[in-house]
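Hi,

Here is the structure I promised to pass along. Have a look at it first, and then read on for my notes.

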Amino acid sequence: TFKNVGNDALDLSGSEVDVQYMKAQYVGDKGISAGEESNVNVSDIEVNFSKFGIASKDSSTVKIERAKLSFNELDYAAYNKKSEFGGGSIFVDKYSKSPLLILKDDISNVIVDEN
């Protein structure tokens with residue numbers, strides 16, 4: 001559980017991580033930030049009242065099941081930040097919130113329920 005975090009709650013770089021049963025509220029930047037070729041599997045998490053829910057950048061892949069994201073500025077962000085890497089990818093399964101709030105650049109992907 002993370003609450004009133006000034007920057008990222010969980011900041012992963014060059015990592016292979018499974019994240020389960022996480023709750024983050026009032027995070028100043030990202031609930032989960034994956035960068036620099038990280039591979040992250042996420043399930044059963046909540047990110048609320050934060051700037052970003054989950055971000056994937058710089059050739060990272062984040063696979064998400066059963067995430068509850070609400071009252072964030074953006075739900076998902078996928079982008080390239082460092083020139084030596086490619087874009088980020090996010091795959092979301094079982095997404096139920098509407099509207100979907102996404103930021104992505106031209107070389108990144110956000111796939112929701114296989115669409």
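Before the notes, one term: when I say two residues are in contact, I mean that they have heavy atoms within 4.5 Å of each other. Please also keep in mind that this is a predicted model.

Let's start with Gly-35. You'll find this glycine in strand β5, which covers residues 30-35. Which residues does Gly-35 touch once its neighbours within four places in sequence are set aside? There are two stretches to look at: Leu-12, Ser-13 and Gly-14, and then Lys-57, Asp-58 and Ser-60. Is Gly-35 buried or exposed? Its relative accessibility is 5%, and anything under 20% counts as buried, so Gly-35 is buried. For a sense of distance, pick Glu-73, which is 38 residues away along the chain: its C-alpha atom and that of Gly-35 are separated by 20 Å.

Right after that comes Glu-36, in the loop between β5 and β6. The backbone does something worth a look here, as Glu-36 has a positive phi of about 55° although it is not a glycine. With a relative accessible area of 27%, Glu-36 counts as partly exposed. Tyr-26 is another non-glycine residue with a positive phi, again of about 55°. Tyr-26 is in strand β4, residues 23-27, and its relative accessibility of 40% makes it partly exposed.

Now the sheets. As a general reminder, strands of a sheet pair through backbone hydrogen bonds, either parallel or antiparallel. Strand β5 belongs to an open sheet of five strands, ordered β2-β5-β7-β9-β11, with parallel pairing. Which strands sit at the edges of this sheet? They are β2 and β11 (102-104), each of which pairs on one side only. From one strand to the next, the twist averages 5°. If you want to trace one of the pairings, try β5 with β7 (residues 52-57): they run parallel and share four bridges. Ala-34 is a handy marker there, since it stands opposite Ser-56 in β7.

There is more parallel pairing elsewhere. How many bridges join strand β6 to strand β8? The count is nine, between β6 at residues 39-48 and β8 at residues 61-70, and the two run parallel. To find your place in that pairing, look for Val-47, which stands opposite Leu-69 in β8. Strand β8 is also joined to β10 (residues 89-93), by five bridges and again in parallel. Here the marker is Lys-63, opposite Phe-91 in β10.

Last, the charged pairs. The structure holds five salt bridges, and I'll go through some of them. Lys-30 forms one with Asp-8, and the closest N and O atoms are 3.5 Å apart. Lys-30 lies in β5, while Asp-8 is in the loop between β1 (2-5) and β2 (10-13), so this pair ties together parts that are 22 residues apart in sequence. Lys-30 also forms a salt bridge with Asp-29, where the closest N and O atoms are 2.8 Å apart. Taken together, Asp-8, Asp-29 and Lys-30 make up a network of salt bridges.

Are the members of this network buried or exposed? Lys-30 counts as buried at 7% relative accessibility. Asp-8 is buried too, at 15%, and so is Asp-29, at 16%.

Another salt bridge joins Arg-66 to Asp-44, with 2.8 Å between the closest N and O atoms. This pair links distant parts of the chain, with Arg-66 in strand β8 and Asp-44 in strand β6, 22 residues apart. These are the two strands joined by the nine bridges I mentioned above. Both partners count as partly exposed: Arg-66 has a relative accessibility of 36%, and Asp-44 has a relative accessible area of 25%.

If you open the model, I'd begin at Gly-35 in β5, step on to Glu-36 in the loop that follows, and then go back to Lys-30 and its two aspartate partners, Asp-8 and Asp-29.

Cheers

Methods:
Residues numbered from 1 in each chain as written. Predicted model: local features only at pLDDT ≥ 70, side-chain atom pairs only at ≥ 80, totals over all residues. Heavy atoms only, no water. Buried < 20%, exposed > 50% of the residue type's maximum accessible area, 1.4 Å probe, protein only. Pairing = 2+ DSSP bridges. Salt bridge = Lys/Arg side-chain N within 4 Å of Asp/Glu carboxyl O. Axes fitted to C-alpha atoms, helices over the stretch in contact; angles between N-to-C directions.
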